[in-house]
Amino acid sequence: MITKSQSLAAFYDGWRFAQERLVERIGELSPEQLQLRAAPHLWPIWAIAAHTAGVRPYWLCHIFKEPGAERTPFKDPSGEGWEDDPTHPREASELVFALQSTWTIVDDCLERWTPAMLQDEFRRELDGQIQIHTRQGVLMRLLTHDAYHIGEITQTLGMHGLKEIYIWTSRAATLSAPA
């Protein structure tokens, strides 16, 4: 049994806070707000959030063979994502469930994986080429992928005069200024 002090969880704790802020903000958006785009040729917010969630089981379950995809809307992580069907926009409740359920896979891996496991190699075939990925590389890919798309959603919200996703809020107390 791996203890919390032996796992990677403590090293990636800030990622969880970003996930929580993303879920909170997506859950507050109306169907009309979820349709907002930064430009006509770019994905709407709902598709960006769906893509963000769907990539997690692709890498962790499909490539790394971790369990958990069956607990998400993405039971076949190698298949098409929700963002691939623009005629079926997703509601806030669906997106919140997708983000939360796929986060449990990330969280499970962070709890079970140790620093000694970070350089374990996994193979992926893409366009006839074999790629080799490590746990460390994929964790960085997923973390930066989440951050990139949270930024994209935040920018889209800001362009339309809406409150951004402020991912820097964590367990730190916010103090009022002295009177």
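In the predicted model, S101 makes contact, once its neighbours within four places in sequence are left aside, with R71, T72 and P73. This serine belongs to helix α4, and its relative accessibility of 6% places S101 among the buried residues, because burial is assigned under 20%.

The helix that carries S101 was examined along its whole length. Helix α4 has 21 residues, for which a rise of 1.5 Å a residue leads to an expected span of 30 Å, and the C-alpha atoms at its ends are 30 Å apart, in agreement with that expectation. Its buried residues are A92, L95, V96, A98, L99, S101, T102, W103, I105, V106, C109 and L110. An α-helix has 3.6 residues a turn, so residues three or four places apart point the same way. The cover over the buried residues of α4 includes helices α1, α2 (31-34), α3 and α5.

The nonpolar interior was considered next. The largest nonpolar core contains 26 residues, and those with the most contacts inside it are L22, I26, L34, I45, L95, I153 and I165. At least two residues of this core are supplied by each of α1 (13-28), α3 (45-63), α4 (92-112) and α5 (135-159), and the largest share, 7 residues, comes from α3. For L34, when residues up to four places away in sequence are not counted, the residues touched are I26, L29, P44, I45, W46, R90, E91, A92 and L95. A second core, separate from the one described above, has 22 residues and includes Y12, W59, C109 and W113.

Helix α1 also contains F17, which is buried with a relative accessible area of 9%. Although F17 and W168 are 151 residues apart along the chain, their C-alpha atoms are separated by 7.7 Å.

The strands form a hairpin. Strand β1 (residues 121-126) runs antiparallel to strand β2 (residues 129-134), and the two are joined by 6 bridges. Within this pairing, R123 of the hairpin stands opposite I132 in β2. There are 2 residues between the strands, and D127 takes a positive phi near 55° in this hairpin. In a regular strand the side chains alternate between the two faces of the sheet.

At the level of the whole molecule, the protein chain comprises 5 helices and 2 strands, which follow the pattern α-α-α-α-β-β-α when read along the sequence. A compact globule of 179 residues would have a radius of gyration near 16 Å, and the 17 Å computed for the protein chain agrees with this. The C-alpha atoms fill a box of roughly 50 × 45 × 25 Å along the principal axes. Of the 179 residues in the protein chain, 45% are buried, and the accessible surface comes to about 9900 Å², with 56% of that area belonging to carbon and sulfur atoms. Among contacts with a separation of 6 or more, 71% are accounted for by residues 24 or more positions apart.

Conventions: Residues are numbered from 1 along each chain as its sequence is written. This is a predicted model: local features need pLDDT of at least 70, side-chain atom pairs count only at pLDDT 80 or more; totals for chains, interfaces and linings use all residues. Side-chain values use heavy atoms; hydrogens and water are left out. A nonpolar core is a set of buried Ala, Val, Leu, Ile, Met, Phe, Trp, Tyr and Cys residues joined through side-chain atoms within 4.5 Å. Buried means under 20% relative accessible area, exposed over 50%, partly exposed in between (1.4 Å probe, protein chains only). Helices (H or I, at least four residues) and strands (E, at least two) are DSSP runs, numbered from the N terminus. Contact means heavy atoms within 4.5 Å. The expected span of a helix is 1.5 Å times one less than its number of residues. Two strands pair if DSSP finds at least two bridges between them. The radius of gyration is taken over C-alpha atoms; the globule rule is 2.2 Å times the number of residues to the power 0.38. Accessible areas come from the Shrake-Rupley method with a 1.4 Å probe; for residues, only the protein chains shown count as cover.
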